[in-house]
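User: I am new to this structure. Please take a close look at one part of it, and walk me through what surrounds that part.

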Amino acid sequence: MEGDSVTLHSDIADIQRDDQILWMLGRQETRIAEINKEGNVLSEDNGTFKGKLQLNNKTGSLTITNISITHSGLYKLTITNSRRRNSYKKFYVIVYAPLPVPVITYESSQCPSSSSSSNCSLLCSVLNVRDVSLSWYKGNRLLSSISVSDLNIRLSLSLEVEYQDNNTYSCVLNNPITNQTQHLNINICQLCPEPWPMMQIVGVTTAVFLLMTIVCVMDCNLNNFTHRHHNQ
């Protein structure tokens, strides 16, 4: 993870007098640290490695402190001496950024148009991630998953659950070394208004018609009464 310290071990118990330790980075084999035959310890102190390299003068192991994504790559160790054949070691270092917590939202645009549908449409999303998997779980059972390797501005995965579902659901974002989990609160599912039954619609329509009739009759009687009173 970014910010960790990583040690690349030489597997040497004790450097001998004429041993030369050389650490290189990348396919261009850029020299970043070495112990020469005189026993002097030298390391790259510019650019991204400034103040971050520690070379053990007894074992030749290399420690990178406060590591960042820019330090990902192929590291090569070369050990040369006059007594035995040269030896080599390679390390491929992958540095991961901290993971954000997934966000679960309710898709109101997916509101069902009929009472026969009682599902809640959900979306789990994360922003600006790479080398991750996003998954939905029901309890401990995997329901669905999606993975990306390149930088993805927005990664999303949908899920439909029943409104009255009491199971435990969670959305998990993970890479090979860590994960972040967001548990579903079923209360974010907003029930859509259900259409009224036909008998209820007829009943309401009849009641409205009767009310309008009564108002009309009362209004007509009031007008007649006023007219007669005016004539008298």
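Analyst: Two strands count as paired if DSSP finds at least two bridges between them. Keep that rule in mind, and remember that this is a predicted model.

Start with a small sheet as a warm-up. It has 3 strands, is open, and runs in the order β1-β6-β5. The pairing is antiparallel. β1 (6-8) and β5 (53-55) stand at the edges. Each has a single partner strand, so one side of each is left without a neighbour in the sheet. On average, neighbouring strands here are turned by 20 degrees against each other, direction ignored. β5 meets β6 (residues 62-64) in the antiparallel sense, over 3 bridges. Leu53 has Ile64 of β6 as its bridge partner. Leu53 also has a place in a core, described further on.

Now the part for the close look: strand β14 and its surroundings. β14 covers residues 169-174. Is β14 enclosed or open to the outside? Of its 6 residues, 5 are buried, so β14 is largely enclosed by the rest of the structure.

Look at its partners. β14 pairs with β11 in the antiparallel sense, over 6 bridges. Within that pairing, Lys138 stands opposite Tyr169 of β14. β14 also pairs with β15 (residues 179-183), again in the antiparallel sense, over 5 bridges. There, Leu173 has Gln180 of β15 as its bridge partner. β14 and β15 make a hairpin, with 4 residues between them. As a general point, the side chains of a regular strand alternate between the two faces of the sheet.

Next, the disulfide. The structure holds 1. Cys124 and Cys171 form it, with their sulfur atoms 1.9 Å apart. A disulfide is a covalent bond between the sulfur atoms of two cysteines. What does this one tie together? Cys124 lies in β10 and Cys171 in β14, so the pair ties together parts that are 47 residues apart in sequence. The torsion about the S-S bond is about -90 degrees, so the disulfide is left-handed. Both ends are hidden from the surface by the cut-off used here: buried means under 20% relative accessible area. Cys124 is at 0%, so it counts as buried. Cys171 is at 0% too, so it also counts as buried.

Turn to Ile104, a neighbour of this bond. Ile104 sits in strand β9. Its relative accessible area is 15%, so Ile104 is buried. Sequence neighbours within four places aside, Ile104 is in contact with both Cys124 and Cys171. Its other contacts include Leu122, Leu123, Trp136, Gln182, His183, Leu184 and Ile188. Ile104 and Ser170 are 66 residues apart in sequence, yet their C-alpha atoms are 9.2 Å apart in space.

Step back to the core. The largest nonpolar core has 22 residues. Which strands supply it? β9 (103-106), β10 (119-129), β11 (132-138), β13 (152-162) and β14 each give at least two residues. β10 gives the most, with 5. Leu122 and Trp136 touch the most other members of this core. Follow Leu122 outward. Not counting residues up to four places away in sequence, Leu122 touches Ile104 and Trp136. Among its other contacts are Tyr106, Leu157, Leu159, Val161, Leu184, Ile188 and Cys189. Polar names appear as well, including Thr105, Glu107 and Ser158.

There is a second, separate core. It has 21 residues, and Leu53 from the small sheet is one of them. Ile35, Leu77 and Val95 are others included.

Two details away from β14 round off the tour. One is an aromatic pair; the count is 1. The ring centres of Trp23 and Phe91 are 5.7 Å apart, with planes at 35 degrees, so the pair is tilted. Trp23 lies in β2 (residues 20-25) and Phe91 in β8 (residues 87-93), so the pair ties together parts that are 68 residues apart in sequence. Trp23 and Phe91 are both buried.

The other is Thr80, in strand β7 (residues 73-80). Is Thr80 buried or exposed? Its relative accessible area is 19%, so it is buried. Beyond its neighbours within four places in sequence, Thr80 is in contact with Asp18, Asp19, Gln20 and Asn86.

Back to β14 to close. β14 pairs with β11 and with β15. Through Cys171, β14 is tied to β10. It also supplies at least two residues of the largest nonpolar core.

Note on methods:
Residues are numbered from 1 along each chain as its sequence is written. This is a predicted model: local features need pLDDT of at least 70, side-chain atom pairs count only at pLDDT 80 or more; totals for chains, interfaces and linings use all residues. Side-chain values use heavy atoms; hydrogens and water are left out. A nonpolar core is a set of buried Ala, Val, Leu, Ile, Met, Phe, Trp, Tyr and Cys residues joined through side-chain atoms within 4.5 Å. Buried means under 20% relative accessible area, exposed over 50%, partly exposed in between (1.4 Å probe, protein chains only). Contact means heavy atoms within 4.5 Å. Axes are lines fitted to C-alpha atoms, for helices over the stretch in contact, and angles run from 0 to 180 degrees between N-to-C directions. Rings of Phe, Tyr and Trp (its six-membered ring) pair if their centres lie within 6.5 Å; planes under 30 degrees apart count as stacked, over 60 as edge-to-face and the rest as tilted. A disulfide is a pair of cysteine sulfur atoms within 2.5 Å.
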